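Student: Could you take me through one part of this model in detail, beginning with a single turn and working outward to whatever surrounds it?

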Amino acid sequence: MNCRIGTRRSGFNLVETIVAGVILSSAVLTLGAISSGALTDMRLNRQYETAASVVDKQLTLIDAVGIDQFIEQGQSEGVVEEFEPGYAWAVSTEYEGIDNVYLVTITVRWLDRNRPRQIAVQTRLNGTSTLTTLGTQER
């Protein structure tokens, strides 16, 4: 008879193979979840950058026209269609009571997968100075 005692076959048994498969699958699923979350965050960051660009465009317009003329024109809201998913902006102004200084608030709103998002930016802008007007009238 040809029987060997004490010899063992090399290789992995079924339990070791299943455990290794479970560990490998959980690692792949974890990496997939991390990648998916990173892509979602990147898309949301791009939308916030676009909204900040809309705010910058509106502030540049107000600065070029002048806050006094902007208030007289009365256009305080609008929609920017050139960017997806469509951004609605609104400008509100409030007189601060100090030599024609206005508090300007620009709010940009958009929908992200049926979830409303928004950013709001505040700054102060000088209109035509009332002190300069009074000083030139007295001379």
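Tutor: In this predicted model, the hairpin of β2 and β3 has 5 residues between the strands, and G97 there takes a positive phi near 85°. The two strands that this hairpin joins, β2 with residues 87–95 and β3 with residues 101–112, pair in the antiparallel sense over 8 bridges. Two facing positions help to fix the register by eye: Y95 stands opposite Y102 in β3, and V91 stands opposite I106 in β3. As a general point, strands of a sheet pair through backbone hydrogen bonds, in either a parallel or an antiparallel manner.

Moving to the other partner of β2, one finds that β1 and β2 run antiparallel and are joined by 4 bridges, with V79 standing opposite A88 in β2. The hairpin of β1 and β2 has 6 residues between the strands, and in it G86 takes a positive phi near 95°.

These pairings belong to an open sheet of 4 strands, whose order is β1-β2-β3-β4 and whose pairing is antiparallel. The edge strands, each of which pairs on one side only, are β1 (77–80) and β4 (115–126), while neighbouring strands of this sheet are turned against each other by 20° on average, direction ignored. Helix α1, which spans residues 14–65, packs on the sheet and touches β1, β2, β3 and β4, and its direction makes about 145° with that of β3, the strand that follows the hairpin with G97.

How values were computed:
Residues are numbered from 1 along each chain as its sequence is written. This is a predicted model: local features need pLDDT of at least 70, side-chain atom pairs count only at pLDDT 80 or more; totals for chains, interfaces and linings use all residues. Side-chain values use heavy atoms; hydrogens and water are left out. Two strands pair if DSSP finds at least two bridges between them. Axes are lines fitted to C-alpha atoms, for helices over the stretch in contact, and angles run from 0 to 180 degrees between N-to-C directions. Contact means heavy atoms within 4.5 Å.
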